[in-house]
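Got your viewer open? Let's take a walk through this structure, one selection at a time.

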There are 2 protein chains.
Amino acid sequence: MAKKTAPAVRDALRVRPGAGLHLTPRDTPVGPSTKAEAAEDLVATGAELSELQEHLFAEARRSVLLVLQGMDTSGKGGTVHHVFSLVNPQGVHVAAFGKPTREELRHDFLWRVRKQVPAPGRIGVFDRSHYEDVLIARVDELVPREVWEARYTAINDFEAELAAAGTTVVKVFLHISPDEQRERLISRLEDPAKQWKYDPSDLAARAKWPLYEEAYAAALERCSTTAAPWYVVPADRKWYRNWAVANILLETLRELDPRPPAPGYDVAAELARITYADPLA
Amino acid sequence: MAKKTAPAVRDALRVRPGAGLHLTPRDTPVGPSTKAEAAEDLVATGAELSELQEHLFAEARRSVLLVLQGMDTSGKGGTVHHVFSLVNPQGVHVAAFGKPTREELRHDFLWRVRKQVPAPGRIGVFDRSHYEDVLIARVDELVPREVWEARYTAINDFEAELAAAGTTVVKVFLHISPDEQRERLISRLEDPAKQWKYDPSDLAARAKWPLYEEAYAAALERCSTTAAPWYVVPADRKWYRNWAVANILLETLRELDPRPPAPGYDVAAELARITYADPLA
């Protein structure tokens, strides 16, 4: 039975405390090794994901939060598109976190994030997140060291609080190589339909690649907790990235094993009513 | 060119002032006449919808609001699932309006609705809407006649205001027959995985079918405006329903003809930078 499978994908991709980036952008440590295999597998994955998501929605008690992080062009938007096309959009809430507004900057860094936490029954997706506050904030020295240093603990506390309240937090780092980013930035610039996705500041961030590597390694090592683990998804190949994220989500939902609530009415009596006493018959 | 096609679907399904329900639940006044044809056509529809939605998102100036109404089991949820699986969930915001909370009841009936209006660049979907306030509110006499009577004008004003602010409002009535509803209610009751969707009050509403017909006819006749037309979608057959809603949306987006903004940077200069002065080379 598929449902009894061990969480092999999560086991292979999960960041162990202190381990940081244990995979390269083209690794395939688990699952399909070709695009065709991945496509075939995604059909079954999609059907099961869709059913489990409906049960989560019906149960309306717990929720899942998928946090997506990665360098520019790592495919956060594409992952949302491909993975969440498999489930009912009604049960999904996507929040994208851009540069904070002036109002957001007047509050604690978690203020805008808390407002987007998924309601019971929903799957929330963060396209960037509170991790930006220990990534760009650290690399660009937007705040003093003691401020961003304190944030790792604040994040772990926040995520433990979410977990305790019934939200399963799943954090995915989409791991691409500098070469792949270069190809993708050039593609964006060469395709008039994609030029809006490019910003000259993307190259400024690219120039700081080693600093970002350091910042990501710190976030992954310090914030991969039992309550809210980090997963590294090799993302140079889009088909592997989509397959891996869909299967991390699938294994997470299988473990939650959501069940629609038992009917709060007498099923047989209602069937009898509509069969023998249909008001419109 | 497909893009030059006249808005044949909207023309065939649009409610003309005073015309009310001009179609029956099994009509196919336009488009495919078999499930196989509809499935084939939806592939091309999906690809074009997805592209137009990305352009709407990139343009980030205008928005679309799809309002779905219909009797229980008419397929509002199923339509959201099937039609919006075709586009990027990141650009879609689904809001479901259930029984108003106590807080909502203390405010004007449009209060909770205004909060869910789609942001620029997004497609908003309402699963039920402010129309409940002239449907169940009228049928069950939840408010005095003079209160619900005044709401038709309030709704038309509200929707004209949305249209003027750049939100294209598209309202769809999913039209099912009493027989089809009976079959679907029985299916829900007989399938343990679907029993949570059933509520004994569904039968109480069913008993008032003629009153609901009257209330829907009034809403369709009085609120199908130039700024925000109503469409009747025959919904006894799910494949026709999904096809029709996807194509109403498609024609609406084609007419808006959204365009990604011109790049605010020098494309050639950026290409030269990454080609000849790549910071990581």
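Before clicking, one definition: two strands pair if DSSP finds at least two bridges between them. The helices (H or I, at least four residues) and strands (E, at least two) on this tour are DSSP runs, numbered from the N terminus.

A word on ground rules: residues are numbered from 1 along each chain as its sequence is written, while chains are lettered from A and ligands numbered from 1 in the order in which they are written. This is a predicted model, where local features need pLDDT of at least 70, side-chain atom pairs count only at pLDDT 80 or more, and totals for chains, interfaces and linings use all residues; side-chain values use heavy atoms, with hydrogens and water left out.

**Stop 1: a strand with two partners**

Select residues 167-175 of chain A, which make up strand β4. How many of its nine residues are buried (under 20% relative accessible area, with exposed over 50% and partly exposed in between, using a 1.4 Å probe and protein chains only)? Eight of them are, so β4(A) is mostly covered.

Now add strand β1(A), residues 63-70: eight bridges join it to β4(A), and the two run parallel. To see one of these links, pick Val64(A), whose bridge partner in β4(A) is Thr168(A). Next, show strand β5(A), residues 230-234, which also runs parallel to β4(A) and is joined to it by five bridges. Here, try Lys171(A) with its bridge partner Trp230(A).

**Stop 2: rings**

Keep Trp230(A) on screen and add Tyr131(A). Rings of Phe, Tyr and Trp (its six-membered ring) pair if their centres lie within 6.5 Å; planes under 30 degrees apart count as stacked, over 60 as edge-to-face and the rest as tilted. Over all chains, the structure holds 16 aromatic pairs. In this one, the ring centres of Tyr131(A) and Trp230(A) are 4.8 Å apart and the planes sit at 70 degrees, so the pair is edge-to-face. Tyr131(A) lies in the loop between β3 (123-127) and α6 (136-139), and Trp230(A) lies in β5, so the pair ties together parts of chain A that are 99 residues apart in sequence. Both residues, Tyr131(A) and Trp230(A), are buried.

Then hop to Trp239(A), Tyr240(A) and Trp243(A), which form one aromatic cluster.

**Stop 3: charges over rings in chain B**

A charge sits over a ring if NZ of Lys or CZ of Arg is within 6 Å of the ring centre and within 35 degrees of the ring normal. Select Arg151(B) and you'll find it over the face of Phe109(B), at 4.8 Å from the ring centre. Arg222(B) does likewise with Tyr152(B), at 4.0 Å from the ring centre.

**Stop 4: two positive phi angles**

Which loop holds Thr73(B)? Look between β1 (63-70) and α3 (76-84) of chain B. Thr73(B) isn't a glycine, but its phi is positive, near 70 degrees. Thr73(B) is buried, with a relative accessible area of 7%. Asp257(B), in the loop between α11 (238-256) and α12 (267-276) of chain B, has a positive phi of about 50 degrees, and isn't a glycine either. Asp257(B) is partly exposed, at 36% relative accessible area.

**Last stop: both chains**

Zoom out. A rotation of 180 degrees, with 0.0 Å of shift along its axis, superposes chain A on chain B with an RMSD of 0.0 Å (least squares on the C-alpha atoms of residues with pLDDT of at least 70 in both). That is the relation of a two-fold axis. To find the axis, select Ser85(A): of the residues of chain A, its C-alpha comes closest, at 2.3 Å.
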